[in-house]
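Here's a quick tour of what holds this fold together. Have a look at the structure first, then work through the points below.

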Amino acid sequence: MKILVFGATGMVGQRIAAELRDRGHEVTGVSRSGGPVKGDVRDTATLAPGHDAVVSAIAPPRDGTEPEPPFIEANTALIDGLRAAGVRRLIVVGGAGSLQVAPGQDLVDTPEFPELYKKEALAGRALLRFYREVDDLDWTFVSPAAEIAPGERTGVFRVGGDTLLSDEQGRSFISAEDYAVAIADELEKNANVRKRICVAY
């Protein structure tokens, strides 16, 4: 496939791009910093034509300098661009804050949730709600575990739905490498169209 990856120089985006290339896909990486192709999601209508799918690996700034509405506006531009380009398949890199830890309670709403990540998590939850109203694109929103960091590519992990996944010790973790594997698997299998999934060990 020909796949356009936004945020391709970020911690997650670069691993997604590498995993896809390793599988033989043709990847166009885009980032605001200028490498390999300079641009952002507002350029989707120009950059997406000719691609089979798009991956959006962008996230709101952790410090809250880009609050929720502009982040939603950027994603509105993204889906408008996909519609204009005639590209239906979209994978959205999401956050863990919107995953449920109990009926009616999201991780971001728990007392233990770190204040440092709260604004980012709330924007991520708003983004999930935004995509759940999009019914004319084949999107998948992929939430990682509560912890995601560079690590080992094992290819062994669990895929769930709206509930936070934790291991037997109560830790919710996924390496960025295995998260990228899950993204690539979803692009190849199209198993969860118009759904949110989560990935963890």
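Keep in mind that this is a predicted model. A search of the whole structure turns up 16 salt bridges, and three of them are picked out here along with the nonpolar cores.

**Salt bridges**
- D136 and R83 pair up through their side chains, 2.8 Å from N to O. D136 sits in the loop between α4 and β8 while R83 belongs to helix α3, so this pair ties together parts 53 residues apart in sequence.
- D106 and R125 make another salt bridge, at 3.0 Å from N to O. This one links strand β7, home of D106, to helix α4, home of R125, across 19 residues of sequence.
- Are the two partners of that bridge buried or exposed? D106 is buried, at 11% relative accessibility, and R125 is buried too, at 13%.
- R132 and D162 also meet, at 2.8 Å from N to O. Each lies in a loop, R132 between α4 and β8 and D162 between β10 and β11, so the bridge joins parts 30 residues apart in sequence.
- Salt bridges with shared partners also knit E19, R23, R153, D185 and E188 into one network.

**Nonpolar cores**
- The largest nonpolar core has 36 residues, and I16, L20, V55, Y179, I183 and L187 touch the most other members.
- Helix α5 gives this core its largest share, seven residues.
- Looking past its neighbours within four places in sequence, I183 is in contact with I16, V55, I91, V93 and V142.
- There's also a second, separate core of 26 residues, including F71, I79, F130 and W139.

How values were computed:
Residues numbered from 1 in each chain as written. Predicted model: local features only at pLDDT ≥ 70, side-chain atom pairs only at ≥ 80, totals over all residues. Heavy atoms only, no water. Core = buried A, V, L, I, M, F, W, Y, C linked by side-chain atoms within 4.5 Å. Buried < 20%, exposed > 50% of the residue type's maximum accessible area, 1.4 Å probe, protein only. Helix = DSSP H or I, 4+ residues; strand = E, 2+ residues; numbered from the N terminus. Contact = heavy atoms within 4.5 Å. Salt bridge = Lys/Arg side-chain N within 4 Å of Asp/Glu carboxyl O.
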